[in-house]
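Me: I'm new to this one and would like to learn how to read it. Could you walk me through it feature by feature?

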Amino acid sequence: MPHRHRHHRAVGAAVAATAALLVAGLSGSASAGTAPAGSAPTAAETLRTDAAPPALLKAMQRDLGLDRRQAERRLVNEADAGATAGRLRAALGGDFAGAWVRGAESGTLTVATTDAGDVAAIEARGAEAKVVRHSLADLDAAKARLDTAADGLNTADAPVWYVDTRTNTVVVEAIRPAAARSLLTAAGVDGSLAHVKNRTERPRTFYDLRGGEAYYINNSSRCSIGFPITKGTQQGFATAGHCGRAGSSTTGANRVAQGTFQGSIFPGRDMAWVATNSSWTATPYVLGAGGQNVRVTGSTASPVGASVCRSGSTTGWHCGTVTQLNTSVTYQEGTISPVTRTTVCAEPGDSGGSFISGSQAQGVTSGGSGDCRTGGETFFQPINALLQNYGLTLKTTGGDDGGGDDGGEEPGGTWAAGTVYQPGDTVTYGGATFRCLQGHQAYAGWEPPNVPALWQRV
């Protein structure tokens with residue numbers, strides 16, 4: 001077909017134009033986080049994997065069975081893999097069917113495509129290629145139909161559904177298989193796209209906090225702070241929507257008056273933010289193990305298979321991996337979508353707390369099943385969607401403390417600090433056009449020419 005031929009020429013040109021950007025972490029380099037003088041920064045440098053604190057590395061060692069060297073290399077490889085996957089997603093277009101990492105050090109990146117003609121382009125990037133039947137766009141569209149159909153159904157017995165790029169299907173997990181079939185039928189999702197899995201436990205939100213660093217809502221229930229943020233000159237923090245409604249007051253763990261919920265969505269989403277009073281100051285930190293500070297430097301979303309760690313007021317630091325990105329989950333209060341599913345454990349009281357990969361904020365704890373004694377799963381509300389919805393700016397070491405809702409253009413073009421960008425978004429900067437490779441909130445210093453891990457010139 002002529003269109004297919006044009007596509008392959010575009011893919012080949014994209015690979016040839018950027019052959020020098022093969023992923024160091026995936027090709028075995030032990031120094032992938034260090035770029036030669038005068039060269040563009042590596043993905044690991046952009047995402048500050050070197051800023052990962054000892055407490056986070058120790059938690060990764062404990063929960064992922066790694067030594068310290070492996071934990072450090074894993075963060076570098078995951079940063080590099082995300083950048084490579086972003087570039088291949090842009091190059092493959094509608095053929096792209098997802099990407100994931102695997103291995104103790106996340107040393108192998110797999111990129112799926114619906115066209116065998118793309119294999120050479122994928123392998124030229126240092127990734128493994130997998131040819132599948134359905135594109136990511138097709139899977140996402142099927143998942144969206146499930147979300148729509150769920151509005152008119154009781155999905156308590158089919159509480160979790162998601163896009164599983166590794167199996168190239170949309171998976172519905174059900175207590176009763178009949179409930180999954182009812183959802184699939186109502187959504188009109190073809191059987192070739194779907195897979196039903198059994199589960200024995202219903203996810204729940206993590207209310208009823210017990211001890212640890214936390215905040216109180218209306219002097220009653222407690223939740224965990226997610227990430228400090230700013231909105232213009234106003235300081236505050238992001239947290240889970242099920243923790244409180246707009247207008248609810250909060251006090252800190254020390255019972256000192258703290259702030260007020262300004263916005264809250266639950267169910268549907270699980271996001272909220274609290275504006276704090278002048279007694280509280282937003283910092284670029286998450287509370288780590290033993291009270292240590294974990295520095296946050298951005299919000300670049302991690303790929304499937306990547307390591308992720310959680311901080312919560314009940315169980316502290318725990319780590320695991322990202323299993324699915326585009327997930328829907330039904331609690332007794334209703335369905336939440338999209339959330340990210342992980343293997344990290346959590347317990348009541350951890351709700352609203354921080355999920356972080358290396359130094360990159362990922363999301364706030366929503367709910368899950370199991371516990372940290374026997375193991376479990378947890379879902380988090382992605383932080384970038386939360387920031388974008390409320391016009392908030394994540395507090396980081398190098399970011400502008402101003403809000404993300406100031407509007408207007410930066411002098412260099414349409415790119416603007418504080419804006420949340422998604423893969424495929426295009427901006428202009430310095431007279432050139434750039435395409436976003438990985439979802440993130442923009443900060444001063446992360447201008448498109450400076451961060452090839454996040455932006456590709458087109």
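**Salt bridges first**

Reply: Let's start with a pair of side chains: Glu173 and Arg199 form a salt bridge, with their closest N and O atoms 2.7 Å apart. Glu173 sits in strand β5 (residues 169–174) and Arg199 in the loop between β6 (194–198) and β7 (204–205), so the pair ties together parts that are 26 residues apart in sequence. A salt bridge here is a side-chain nitrogen of Lys or Arg within 4 Å of a carboxyl oxygen of Asp or Glu. Helices (H or I, at least four residues) and strands (E, at least two) are DSSP runs, numbered from the N terminus.

Me: Before we go on, what kind of model is this?

Reply: This is a predicted model, where local features need pLDDT of at least 70, side-chain atom pairs count only at pLDDT 80 or more, and totals for chains, interfaces and linings use all residues. Residues are numbered from 1 along each chain as its sequence is written, and side-chain values use heavy atoms, with hydrogens and water left out.

Me: What is the average pLDDT of the protein?

Reply: pLDDT is the predictor's confidence in each residue, from 0 to 100. The protein averages 87, and 86% of the residues score at least 70. Two stretches deserve caution on that score: pLDDT stays under 50 over residues 207–212 and also over residues 398–410. For residues 207–212 the model has 28 contacts beyond four places in sequence, and for residues 398–410 it has 24 such contacts. Contact means heavy atoms within 4.5 Å.

Me: Back to that first pair. Are Glu173 and Arg199 buried or exposed?

Reply: Buried means under 20% relative accessible area, exposed over 50%, and partly exposed in between (1.4 Å probe, protein chains only). Glu173 has a relative accessible area of 4%, so that residue is buried. Arg199 comes out at 11%, so it counts as buried too.

Me: How many salt bridges are there by this rule?

Reply: The count comes to 17. One of them joins the side chains of Glu105 and Arg73, at 2.8 Å from N to O. That pair links distant parts of the chain, 32 residues apart: Glu105 is in the loop between β1 (96–102) and β2 (108–113), and Arg73 is in helix α4 (residues 68–92). Glu105 is partly exposed at 22% relative accessibility, whereas Arg73 is buried at 17%.

Another brings together Arg310 and Asp350, at 3.4 Å from N to O. Arg310 belongs to strand β17 (residues 307–312) and Asp350 to the loop between β19 (334–342) and β20 (354–357), so this pair ties together parts 40 residues apart in sequence. Arg310 is buried at 0% relative accessible area, and Asp350 is buried at 0%. Salt bridges can also share partners: Glu173, Arg199, Arg341 and Glu377 are joined that way into one network.

Me: Now the sheets. In what order do the strands of the 8-strand sheet come?

Reply: Strands of a sheet pair through backbone hydrogen bonds, either parallel or antiparallel. For counting, two strands pair if DSSP finds at least two bridges between them. This open sheet runs β9-β8-β12-β13-β14-β11-β10-β23, with antiparallel pairing. β9 (221–223) and β23 (393–394) stand at the edges with a single partner strand each, so one side of each has no neighbour in the sheet.

Look inside it at β10 (residues 227–231) and β11 (residues 234–239), which pair antiparallel over 5 bridges. Ile229 stands opposite Gly236 in β11. Their hairpin has 2 residues between the strands, and Gly232 takes a positive phi near 65° there. β11 is also joined by 4 bridges to β14 (residues 271–276), again antiparallel.

Me: What is the pairing in the 3-strand sheet?

Reply: Mixed: the open sheet has the order β1-β2-β3. Its β2 and β3 pair in the parallel sense over 4 bridges, and Thr110 stands opposite Glu128 in β3.

Me: Last one: at what angle do the axes of α3 and α4 cross?

Reply: Two packed helices are described by the angle between their axes and the distance between the axes. Axes are lines fitted to C-alpha atoms, for helices over the stretch in contact, and angles run from 0 to 180 degrees between N-to-C directions. The axes of α3 (residues 54–64) and α4 come within 9 Å and cross at roughly 105°. That makes α3 and α4 roughly perpendicular, a label for angles of 65 to 115 degrees (under 35 counts as roughly parallel, over 145 as roughly antiparallel, and the rest as oblique).
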